[in-house]
Amino acid sequence: MVIPALLLIFVFSYVPMYGLLIAFQDYNIFTGFLDSPWVGFKHFSMFFHSPEFWTVINNTIIISLLKFCIGFPAPIILALMLNEVKNLFFKRIIQTVSYLPHFLSWVIVAGFAMSILSTDNGSLNILLQKLHLITEPIGFLGKAEYFWSIIVTSTVWKEIGFGSIVYLAAIAGVDPSLYEAAEMDGAGRIKKIFLITIPSILPVISIFMILAIGNLLSAGFEDILLLGTNPVLTQVSSVIDTYVYRVGINNQRFSYAAAVGLFKAVISVGLLTFANMFARRSGNSLW
């Protein structure tokens, strides 16, 4: 079983890396890799001097940081809350309901979001009107100031339950005698969480934080592509992944798109390495 697994990794993970060569070529699909002319860092320079460069980088960083700052601690908080629920039936219902969105495709989730935020009988607009907070429906998906909030909220709702599974498993491995000793010392639930639970699962939190930092430039693709279809949102919805899709697939600028994707990959590896070096001081690094 080891050899087939290594073969699959080689074929699907390493062989495709050969395609990165087109980032340094004026690639032509009819002439292929061998006959396409080499241009060095031409496409990287074009991206750095592109009028859209700072817009794409700014949107990518802001959306990624929002997802990291809100989406990373959310599963941890949910796991800590679920751990305090003593009613097993209620706990299982909450777990099931929170897990389900992860298994829905972004097409379905985006459809839900569009339906809820619609100006025509959208649930949110109806609720706000019933509460007399607004008089006219708001086109949430047509206003740039709401887009980042919608993207982050949708992502957290979709992934919070599934992300909490690992933390719940880590919490289940905490020695119960620690809680018993804390109770004898008069510690309440809050103190037990901060003094026992969180320190006990800190290695797991550290590992996932390192991975999350390495993916800081992955602001999202499917969610932004589906929810940011309105041209009005271009200035706040254009991130590296959607930009690569737009110029690479729609405009067929394969070499340019490969250069942008390689630039993102190099920065991501650098962030991952830096995060791992920082975490190594606490003894919870990946390597």
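The following paragraphs describe a predicted model of a protein chain, from its overall build to its pocket, its surface and its salt bridges.

The protein chain has 15 helices and 0 strands. Its C-alpha trace spans about 75 × 60 × 35 Å along the principal axes. Of the 287 residues in the chain, 36% are buried.

The largest pocket encloses about 840 Å³ of space. Its lining is made up of 28 residues, and those that lie nearest the centre of the pocket are Gly71, Phe72, Thr155, Glu159 and Ala212. Three elements give two or more residues to this lining, namely helix 4 (53–71), helix 9 (144–172) and helix 11 (189–214). Helix 9 provides the largest share, with 9 residues. In chemical character, the lining of the largest pocket divides into 16 nonpolar residues, 8 polar residues and 4 charged residues.

Attention may now turn to the surface and to the N-terminal part of the chain. A nonpolar patch is formed there by Leu6, Leu7, Leu8, Ile9, Phe10, Val11, Phe12, Tyr14, Val15, Met17 and Leu20, which together have about 1100 Å² of accessible area. Tyr14, one of the residues of this patch, belongs to helix 1, which covers residues 2–14. Tyr14 has a relative accessible area of 51% and is therefore classed as exposed, since the term applies to values over 50%.

Ala23 offers a contrasting environment. This residue is found in the loop between helix 1 and helix 2. Ala23 is buried, because its relative accessible area is 0% and the term covers values under 20%. Ala23 and Phe41 are 18 residues apart in sequence, and their C-alpha atoms are 7.9 Å apart in space.

The salt bridges give a further view of how parts of the chain are connected. Side chains of opposite charge can pair when their charged atoms come close. The structure holds 7 salt bridges, and three of them are described here. One of these joins Asp26 to Lys42, with 3.2 Å between the closest N and O atoms. Because Asp26 lies in the loop between helix 1 and helix 2 (32–35) while Lys42 lies in helix 3 (residues 42–48), the pair ties together parts that are 16 residues apart in sequence. Both partners count as partly exposed: Asp26 has a relative accessibility of 27%, and Lys42 has a relative accessible area of 37%.

Another salt bridge is formed by the side chains of Arg246 and Glu52, at 2.7 Å from N to O. Arg246 is placed in helix 14 (residues 240–250) and Glu52 in the loop between helix 3 and helix 4, so this pair ties together parts that are 194 residues apart in sequence. Arg246 counts as partly exposed at 25% relative accessibility, and Glu52 is likewise partly exposed at 32%.

Arg189 and Glu84 also form a salt bridge, in which the closest N and O atoms are 3.6 Å apart. Here the pair ties together parts that are 105 residues apart in sequence, because Arg189 lies in helix 11 and Glu84 in the loop between helix 5 (73–83) and helix 6 (88–99). Arg189 counts as partly exposed, with a relative accessibility of 46%. Helix 11, in which Arg189 lies, is also among the elements that give two or more residues to the lining of the largest pocket.

Two loop residues remain to be considered for their backbone geometry. Most residues other than glycine have a negative phi. Asn121, however, has a phi near 60°, which is a positive value in a residue other than glycine. Asn121 is located in the loop between helix 7 (106–117) and helix 8 (123–130). With a relative accessibility of 69%, Asn121 counts as exposed. His132 likewise has a positive phi, near 60°, and is a residue other than glycine. Its place is in the loop between helix 8 and helix 9. His132 counts as exposed, at 72% relative accessibility. Helix 9, which borders the loop that holds His132, is the element that gives the largest share of the lining of the largest pocket.

Conventions. Residues numbered from 1 in each chain as written. Predicted model: local features only at pLDDT ≥ 70, side-chain atom pairs only at ≥ 80, totals over all residues. Heavy atoms only, no water. 1 Å grid on protein atoms, 1.4 Å probe; cavity = no way out; pocket = protein on both sides within 12 Å on 5 of 7 lines; lining within 4 Å. Points joined across faces, edges and corners; volume = space filled by probe spheres on them. Helix = DSSP H or I, 4+ residues; strand = E, 2+ residues; numbered from the N terminus. Nonpolar A, V, L, I, M, F, W, Y, C, P; charged D, E, K, R; others polar. Patch = residues over 30% accessible without salt bridge, like charges linked within 9 Å, V, L, I, M, F, W, Y side chains within 5 Å. Areas by Shrake-Rupley, 256 points an atom, 1.4 Å probe, with all protein chains shown as cover. Salt bridge = Lys/Arg side-chain N within 4 Å of Asp/Glu carboxyl O. Buried < 20%, exposed > 50% of the residue type's maximum accessible area, 1.4 Å probe, protein only.
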